[in-house]
Amino acid sequence: MVDRILGLLCLALAAAMAWAAHGYAAEISYEPVGPRAFPTLLAAVLALVGLWLAVRPGRAVAGEGAGAHAAWLPLGLTVGAMLAYALLFQWLGFVLATALMTVPVGRSFGGRPLPLLATGLGLGLGLFFLFDKVFDVILPTGLLSFVLGGR
Amino acid sequence: MNTLEHLLQGFGVALAPVNLLLGLIGSFIGTVVGMLPGLGPINGVAILMPLAFALKLPPESALILLTAVYIGCEFGGRISSILINVPGDAGAIMTAVDGYPMAVKGQAGVALSISAWSSFIGSFVAFVGIVIAAPWLAQWALAFGPAEYFALMCFAFACITGLMGDAPMKAVLAAVLGLALSTVGLDSNSGVYRFTFDSVHLSDGIQFVAVVIGLFSVSEILLMLEQHLGQVPAIRSLGRNMFNRAEMALTWWGTVRSSVLGFFVGVLPGAGATIASAMAYTMEKRLCDTEGTFGKGDIRGVAAPEAANNSSANGSFVPMLTLGVPGSGTTAVMVGALSLYNITPGPALFTQQPALVWGLIASMAVCNVLLLIMNIPMIGIFTRMLALPNWILVPGILAISAVGVYAIHATTFDLVLMVALGVVGYLLRKAGVPMAPLILGFVLGDMMEQNLRRALSITNGELSILWGSPISVGLWVGVAAMLLVPPLYRRFGPRRPAAVAAD
């Protein structure tokens, strides 16, 4: 079943690629093969693979950790926390965003709230000073810019 | 200059204080990353690559750091295989088969030290192989034209899909997805924007670091959610620390055989350390297992796969350095790292940047010695780290990954892209699609298209140039063999356990 869905998704993607690539033409062309050919070729191979998977799916799910399945709650929590982390990274600043991300992500891996909060703050501050101050990899300071020195 | 002089120059680079320090740090980080189940060499290299770039390290120092991490991972994977029966990285799966039973019998210390020793021998054999083979191969590869390169890249894909095991179709799918991702952005030949959806962030193409970290680190974190409940307590008592002379003599020839085998498997583009160690274990079992002790804690079953694992990881540098076509997922990431510095690996590198190439090769030998020292007397430091709980580890990995992605362009877009690709990667991996061909496709995509277009420009669109020279015909025959032989062998050949996805 998984294979059939995967195959159909491939077919859809291939169609979208071919449709988008159709319009790619160079205004002035110096060479026989333009910008359209390679994407179209890829779309064709993708369509063939998709067709194969949809028509002749494998026997069982041979995925990594097959059989095992993470519970939906920790999975959703982790994905949500990661997305929020990405979106708030610049606005909150690295230290606060990391501290906030650590609590739900660590919770999904069996940590307790208070130690997690401490870990999060420690990670945020420790990595901030390591990278921003020692290694000169500039990180956002966000809301804490008045303490950490805004740049 | 001949090879020896070049090598001496390389040691000059590798032993410069900064590079030696980076090698030491990289070896240590690599061993830890390799040891932690779920994190393999690709993750380690992917996370450190943008940081090395952001630290403004010169290219040879950055490469030495990444190489040290890669080789360190191959040393580290065995620790968790032996102590908790969970391979730390994919290449160490076979080490658990005899390593864990040895640890249960109270010989964990012996298993750890003999596997460190055989890892060292494996890496050393591969180092000698590289020094002999690489300049020669690079010389030969200078004659390659665009058509030969196109055929060579097809050969690399054929290797990685043909050897992938159960689902070759899904490996093809992964490779095509990677190639498709690489077409996003401005087409430099014609000035046409492809698949950018009018977004400024995509006009320059998809950020390589975000792709690698998303597909490997973020998706790995989601996969780890399934496993964290079943953590096995590590074996505490290590017993005797050092192997004795009899044990060394017993394992010596198996180690050497496996090292040579591993090197050749590693040189083959696409075949990785996982396949090499599985082959070495099977070979030793056939040759030596007269009393049926393999699988029950035979020391020879620990030494052989570790030697092959390490020599193949080192050997996979050969196609990357000489042809510019990476031999494994991890070396594909390294090619991406070089592209951050606007360096394209390939045969010309040997003449244009000898300090870089030979510095890298020499640093393999240096790191190998450092790793042997770290992994025998100082093994206790690492075994204690196995107790680090995931709820500290995972947020740490995520934060460092985000720093790496952010360090390149400093945009929120790249961070969101990283998470989105992580979720896509997780779903693909759950559906059985391997990630290594995808990353190979993403790295090779631009080069493949350029070479195809260049070749066809020469003949004004005539396809026959693609099989116009003996080299390219040979490569196409290789492609056909790689695609046809493994499925036929699986159907008609003897039954053996299928190898799990390559590193």
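1. A crossing of two helices is called right-handed if the near helix is turned clockwise from the far one by less than a right angle, and left-handed if the turn is anticlockwise. In this predicted model, helix α10 (residues 245-267) of chain B and helix α12 (residues 299-315) of chain B offer a case: α10(B) passes α12(B) in a right-handed crossing. The contact of α10(B) with α12(B) involves 11 nonpolar, 12 polar and 2 charged residues.

2. Two packed helices are described by the angle between their axes and the distance between the axes. For α10(B) and α12(B), the angle is about 30° and the axes lie 7 Å apart. Because angles under 35 degrees count as roughly parallel, α10(B) and α12(B) are classed as roughly parallel to each other.

3. A second helix pair in chain B consists of helix α8 (residues 168-182) and helix α20 (residues 436-458), whose axes come within 7 Å and cross at roughly 45°. That angle makes α8(B) oblique to α20(B). The crossing of α8(B) and α20(B) is right-handed.

4. Helix α3 (residues 41-54) of chain B permits a check of helix geometry. At 1.5 Å a residue, its 14 residues should span 20 Å, and the end C-alpha atoms are 20 Å apart, so expectation and model agree. Just after α3(B), the backbone of Lys56(B) takes a positive phi of about 60°.

5. As to its surroundings, α3(B) is mostly covered, with 12 of its 14 residues buried. Among the buried residues of α3(B) are Pro41(B) and Pro50(B), together with Ile42(B), Val45(B), Ile47(B), Leu48(B) and Met49(B). Asn43(B) and Gly44(B) are also buried, as are Ala46(B), Ala52(B) and Ala54(B).

6. Ala141(B) belongs to helix α6 (residues 108-141) of chain B. Is Ala141(B) buried or exposed? It has 21 C-beta neighbours inside 10 Å and therefore counts as buried, the cut-off being 20 or more. Ala141(B) and Gly346(B) are 205 residues apart along the chain, and their C-alpha atoms are separated by 8.3 Å.

7. In chain A, the domain assignment gives domain 1 (2-55) and domain 2 (73-148). The C-alpha centres of domain 1 of chain A and domain 2 of chain A lie 40 Å apart.

Technical notes
Residues numbered from 1 in each chain as written. Chains lettered and ligands numbered in written order. Predicted model: local features only at pLDDT ≥ 70, side-chain atom pairs only at ≥ 80, totals over all residues. Domains from an automatic or database assignment. Helix = DSSP H or I, 4+ residues; strand = E, 2+ residues; numbered from the N terminus. Expected span 1.5 Å × (residues − 1). Axes fitted to C-alpha atoms, helices over the stretch in contact; angles between N-to-C directions. Parallel < 35°, antiparallel > 145°, perpendicular 65-115°, else oblique. Nonpolar A, V, L, I, M, F, W, Y, C, P; charged D, E, K, R; others polar.
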